[in-house]
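Work through these exercises with the structure open beside you. Try each task before reading its solution.

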Amino acid sequence: MLLTVLSWLCASLLVSVGGGKLPEAEVQIEVLHRPFLCHRKSKYGDILLVHHDGYFENGTVFHSSRAEGDKQAVWFTLGIREAIKGWDKGLQDMCSGEKRKLIVPPALAYGKEGRGLPR
Ligand SMILES: *[C@@H]1O[C@H](CO)[C@@H](O)[C@H](O)[C@H]1NC(C)=O
């Protein structure tokens, strides 16, 4: 079995809890940095190693993989709802080393109540 392990990096995650401007089910993707060399882009089933920072709409950080715990990037399998739905949508076609900002509506994150895992 060939396991493709890709070192993706630095996906920044901005979760908008208030909702409003965005359609319910869309993730807004802003590419902050795209590496010069990109041999392969992420697709469903890939295992990515990502750093992420999560912000509320008001700019308050609610999570940062660089600041908390052991300050490690986290492994994330794309497309299997391992984290929030917004990640499965927003981390496709990413190059290794790419940096993105995702604006995720509540429906694709933690729901309107804003706590716990979506079910
Ligand atoms: C920002 O928003 C979050 C979530 O609504 C809230 O918990 C936090 O207190 C707010 N921070 C500030 C500085 O308003």
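**Exercise 1. The core**

Which residues of the largest nonpolar core touch the most other members?

Solution. This is a predicted model. Start with the membership: the largest nonpolar core has 13 residues. Next, look for the members with the most partners inside that set. They are Val50, Phe76, Trp87, Leu91 and Val104. Now ask which elements supply the core. Strand S4 (47-50) and strand S8 (99-104) are the elements that give two or more residues to it.

**Exercise 2. Two residues and their contacts**

List the contacts of Phe76, leaving aside its neighbours within four places in sequence. Then do likewise for Thr77.

Solution. Take Phe76 first. Its contacts are Asp46, Ile47, Leu48, Val50, Glu82, Ala83, Trp87, Asp88 and Leu91. Among them, Val50, Trp87 and Leu91 were named in Exercise 1 as core members that touch the most others.

Turn to Thr77. Its place is in strand S7, residues 74-77. With sequence neighbours set aside as before, Thr77 is in contact with Gly45, Asp46, Ile47, Glu82 and Asp88.

Is Thr77 buried or exposed? Its relative accessibility is 18%. The cut-off for buried is under 20%. Thr77 therefore counts as buried.

**Exercise 3. The disulfide**

Find which cysteines are joined by a disulfide, and say what the bond ties together.

Solution. Begin with the count: there is 1 disulfide. It joins Cys38 to Cys95, with an S to S distance of 2.2 Å. A disulfide is a covalent bond between the sulfur atoms of two cysteines.

Next, place the two ends. Cys38 lies in the loop between strand S3 (28-33) and S4. Cys95 lies in the loop between helix H1 (85-90) and S8. The pair therefore ties together parts that are 57 residues apart in sequence.

Now the handedness. The torsion about the S-S bond is about -100 degrees, so the disulfide is left-handed.

Last, compare the ends for exposure. Cys38 has a relative accessible area of 30%, so it is partly exposed. Cys95 is at 1%, so it counts as buried.

**Exercise 4. The ligand**

Which residues surround the ligand, and how much of its area does the protein bury?

Solution. Name the surroundings: Phe56, Asn58 and Thr60. Then check the polar atoms. A polar side-chain atom of Asn58 lies 2.3 Å from a ligand oxygen atom. For Thr60, a polar side-chain atom lies 3.2 Å from a ligand nitrogen atom. Finish with the area. Taken alone, the ligand exposes 360 Å². The protein buries 33% of that.

Conventions: Residues numbered from 1 in each chain as written. Predicted model: local features only at pLDDT ≥ 70, side-chain atom pairs only at ≥ 80, totals over all residues. Heavy atoms only, no water. Core = buried A, V, L, I, M, F, W, Y, C linked by side-chain atoms within 4.5 Å. Buried < 20%, exposed > 50% of the residue type's maximum accessible area, 1.4 Å probe, protein only. Helix = DSSP H or I, 4+ residues; strand = E, 2+ residues; numbered from the N terminus. Contact = heavy atoms within 4.5 Å. Disulfide = S-S within 2.5 Å. Near = heavy atom within 4 Å. Polar contact = N/O pair within 3.5 Å; in protein donor to acceptor, adjacent residues only side chain to side chain. Areas by Shrake-Rupley, 256 points an atom, 1.4 Å probe, with all protein chains shown as cover.
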